[in-house]
Amino acid sequence: VTQTLQYVGDPAAALANVWAAVAPGGALLLTVPCLQRIDPDLPDVDRWRFTPSGLEHLVRGEAAGGAFEVVGYGNLLASTAFLMGLSAQELRPTELEANYPDFPLVACASVRRAE
């Protein structure tokens with residue numbers, strides 16, 4: 001579920017529904033924006049931004065029993081470049097690889113259901 005929860009009216013209900021569809025032994029991979037401009041094509045339904053802590057809270061509550069990890073990725077330069085509309089090719093790989101927990105651009109969760 002990549003970059004989707006920001007568009008749903010009730011992210012908790014959506015996550016609970018997706019989690020219910022995960023088969024035993026299966027995994028849910030989830031990404032959400034921490035920082036992003038409002039979607040110009042969908043401004044009326046682009047509702048949410050998440051912190052890694054907020055995503056962890058959501059996962060803990062709606063993917064009960066799942067073993068999970070939540071990580072934020074990004075840094076100040078990558079976030080600024082993203083907001084300015086620059087592409088990854090316009091930055092050096094080392095500028096993108098740096099990861100600073102205080103400046104996440106995206107939050108990612110991996111949740112595994114027991115067999």
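This short presentation describes one protein chain, from its overall layout down to a few individual residues.

Good morning, colleagues. Please bear in mind throughout that the structure before you is a predicted model.

I begin with the overall layout. The protein chain contains four helices and three strands. Read from the N terminus, the order of these elements is α-β-α-β-α-α-β. Along the principal axes, the C-alpha atoms occupy a box of roughly 45 × 35 × 20 Å. Of the contacts with a separation of 6 or more, 77% join residues that stand 24 or more positions apart.

Next, the surface. The protein chain has 115 residues, and 30% of them are buried. The exposed area is about 7000 Å², of which carbon and sulfur atoms supply 58%. As for charge, there are 7 positive and 13 negative side chains, and the centres of these two sets lie 3 Å apart.

Let us now turn to the interior. In soluble globular proteins, nonpolar side chains tend to be buried together. In this model, the largest nonpolar core has 17 residues, and L30, V32, L55 and V59 have the most contacts inside it. Two or more residues of this core come from each of α1, β1, α2 and β3. Strand β1 covers residues 27-33, helix α2 covers 52-62, and strand β3 covers 106-112.

V32 merits a separate remark. Beyond its neighbours within four places in sequence, V32 is in contact with Q3, L5, F50, L55, V106 and A107.

I come now to Q6, which is placed in the segment before α1, the helix of residues 11-21. Is Q6 buried or exposed? Q6 counts as buried because its relative accessible area is 1%, and the cut-off for a buried residue is under 20%. A polar atom of the Q6 side chain lies 3.2 Å from the backbone oxygen of Q3. Setting aside neighbours within four places in sequence, Q6 is in contact with P33, Q36, V45, D46, R47, W48, R49 and F50.

The last residue on my list is P52, which belongs to helix α2. Which residues does P52 contact, leaving aside its neighbours within four places in sequence? They are C34, V70, G72, P104 and A107. A107 was also named among the contacts of V32. Between P52 and Q36, which are 16 residues apart along the chain, the C-alpha separation is 14 Å. Q36, in turn, is one of the residues in contact with Q6.

That concludes the presentation. Thank you for your attention.

Note on methods: Residues are numbered from 1 along each chain as its sequence is written. This is a predicted model: local features need pLDDT of at least 70, side-chain atom pairs count only at pLDDT 80 or more; totals for chains, interfaces and linings use all residues. Side-chain values use heavy atoms; hydrogens and water are left out. Buried means under 20% relative accessible area, exposed over 50%, partly exposed in between (1.4 Å probe, protein chains only). Contact means heavy atoms within 4.5 Å. Accessible areas come from the Shrake-Rupley method with a 1.4 Å probe; for residues, only the protein chains shown count as cover. Lys and Arg count as positive and Asp and Glu as negative; His and the chain ends are not counted. The place of a charge is taken as NZ of Lys, CZ of Arg, CG of Asp or CD of Glu. A polar contact is a pair of N or O atoms within 3.5 Å; within protein, one must be able to donate a hydrogen and the other to accept it, and residues adjacent in sequence count only if both atoms are side-chain atoms. A nonpolar core is a set of buried Ala, Val, Leu, Ile, Met, Phe, Trp, Tyr and Cys residues joined through side-chain atoms within 4.5 Å.
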